[in-house]
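Here's a walk through one model, written for someone who'd rather be at the bench. Keep the structure open and follow along.

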Amino acid sequence: MAHKEVLNDSVKPYNDRESKTHQLRNMFNTISKDYDFFNNLMSWGLAHLWRRKAMRWLHDYRTETLLDIATGTADMLLLADQLLSPEVLRGIDISEEMMNVGWEKLKSHRLDHKTELEVMDCAEMKFADSTFDTVTIAFGIRNLERLTQSLEQINRVLKTNGRFLIIEMNEPQKGPLAVLYKIYVKLYVQLATGLLSKDKEAYAYLTKSMHYFPQGKALIEILTDHDFRLLKYKSFTFGVCSAYLLEKTN
Ligand SMILES: C[S@@+](CC[C@H](N)C(=O)[O-])C[C@H]1O[C@@H](n2cnc3c(N)ncnc32)[C@H](O)[C@@H]1O
């Protein structure tokens, strides 16, 4: 079923003129060499744990072909190989520089023979219909500008009953945790990235975009409307990160 496009472009890194995807490509190309360091710094190293916990859910399903969208520096692909040993690993991203960093990591783990990384926008994937058993996306869905089209594409490239695993950060909405989170962003993230990063706007975008992207029930509703069925949903570390495991239904 074709859906009306809903743009996910209310927050952009640098300006209102250029498209979000164009700006994100520049932004991630610029920060590619520092991304792993800052991702660890901002998540206190927990991003690795969250990826691992969620990827383990896929143990229950057979995965021979896996696509990681917004693969960036390829941590999801490294983990998928470790935990699921698929025969085919593919990664796509709009930022070539992020994937260059990822490619070096894949080579050092001797995964270059079974992995391919390609510059591709999730909204315009070139893969044939029903190619993958599993599609994953970690800390990437809130960046997808053409969300509707991207979800349609993910559905298209998945095999019947194929799995779709999403991991995404959340902004705590209310209560003491929301207050603590605001302090954490103001003091820790802004200070650390302000002192250490070449591109402060990039890290401001990463925290601000969390505020506007649907999470929990609201995201699940969107996914259900796009022909996915929820298999499992869990929040980690007081709800600052969530994972969603879905199955293609059409
Ligand atoms: C926060 S990084 C996440 C990287 C990695 N998945 C991880 O777990 O650390 C988000 C990535 O999304 C990519 N991205 C943004 N928009 C995209 C799109 N439309 N299609 C594919 N990748 C996109 C960016 O280039 C960036 O590498």
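How many residues surround the ligand, and which are the closest? The ligand has 23 residues around it, with F28, A70, G72, S95 and A138 the closest. Here a residue is near a molecule if its C-beta atom, placed from the backbone, lies within 6 Å of it. Before going further, a word of caution: this is a predicted model, where local features need pLDDT of at least 70, side-chain atom pairs count only at pLDDT 80 or more, and totals for chains, interfaces and linings use all residues. Numbering starts from 1 along each chain as its sequence is written.

**Around the ligand**

Elements giving two or more residues to the shell are α1 (20–43), α3 (75–84) and β2 (88–93). Of these names, helices (H or I, at least four residues) and strands (E, at least two) are DSSP runs, numbered from the N terminus. The most comes from α1, with 4 residues. Sorted by class, the shell holds 13 nonpolar, 7 polar and 3 charged residues. In that tally Ala, Val, Leu, Ile, Met, Phe, Trp, Tyr, Cys and Pro are nonpolar, Asp, Glu, Lys and Arg are charged, and the others, Gly among them, are polar.

**The sheet**

What is the strand order in the open sheet? Its 7 strands run β3-β2-β1-β4-β5-β7-β6, with mixed pairing. Two strands pair if DSSP finds at least two bridges between them. The edges are β3 and β6, each pairing on one side only. On average, neighbouring strands are turned by 15° against each other, direction ignored. For angles like this, axes are lines fitted to C-alpha atoms (for helices, over the stretch in contact), and values run from 0 to 180 degrees between N-to-C directions.

Two pairings show the mix. β4 and β5 are parallel over 6 bridges, and I137 has I166 in β5 as its bridge partner. Strand β6 (residues 228–236) and strand β7 (residues 241–248) are antiparallel over 8 bridges, with Y233 bridging to Y244 in β7. The hairpin of β6 and β7 has 4 residues between the strands.

Helices pack on this sheet too. α2 touches β4, β5, β6 and β7, and its direction makes about 155° with that of β5. Helix α5 (residues 147–157) lies across β1, β4, β5 and β7, at about 140° to β5.

**Cores and buried residues**

A residue is buried if 20 or more other C-beta atoms lie within 10 Å of its own, exposed if 12 or fewer, and partly exposed in between. A nonpolar core is a set of buried Ala, Val, Leu, Ile, Met, Phe, Trp, Tyr and Cys residues joined through C-beta atoms within 7 Å.

The largest such core has 46 residues, and V135, F164, I166 and I167 have the most contacts inside it. Strand β5 (residues 158–169) supplies the largest share, 6 residues. A second, separate core of 13 residues includes L24, F28, Y35 and Y205. F28, then, is in that second core and also among the closest residues to the ligand.

Back in the 46-residue core, F164 touches V135, I154, L158, F228, L246 and K248, leaving out residues up to four places away in sequence. Contact means C-beta atoms within 7 Å.

In α3, the buried residues are D75, M76, L77, L78, A80 and L84. Their cover includes α2 (46–56), β1 (65–69), β2, α4 (96–108), β3 (115–119) and β4 (132–138).

**Positive phi values**

Most residues other than glycine have a negative phi. These residues have a positive one:

| Residue | Place | Phi |
|---|---|---|
| A70 | loop between β1 and α3 | near 55° |
| S85 | just after α3 | about 40° |
| D227 | loop between α8 (217–225) and β6 | about 65° |
| T237 | hairpin of β6 and β7 | near 45° |

Is A70 buried or exposed? A70 counts as buried because 24 other C-beta atoms lie within 10 Å. D227 is partly exposed, since it has 19 such atoms within 10 Å.

**One more spot**

V88 is found in strand β2. V88 counts as partly exposed because it has 15 C-beta neighbours inside 10 Å. V88 touches E64, T65 and K114, again not counting residues up to four places away in sequence. The C-alpha atoms of V88 and F132 are separated by 9.1 Å, with their positions 44 residues apart along the chain.

Note on methods. Contact = placed C-beta atoms within 7 Å.
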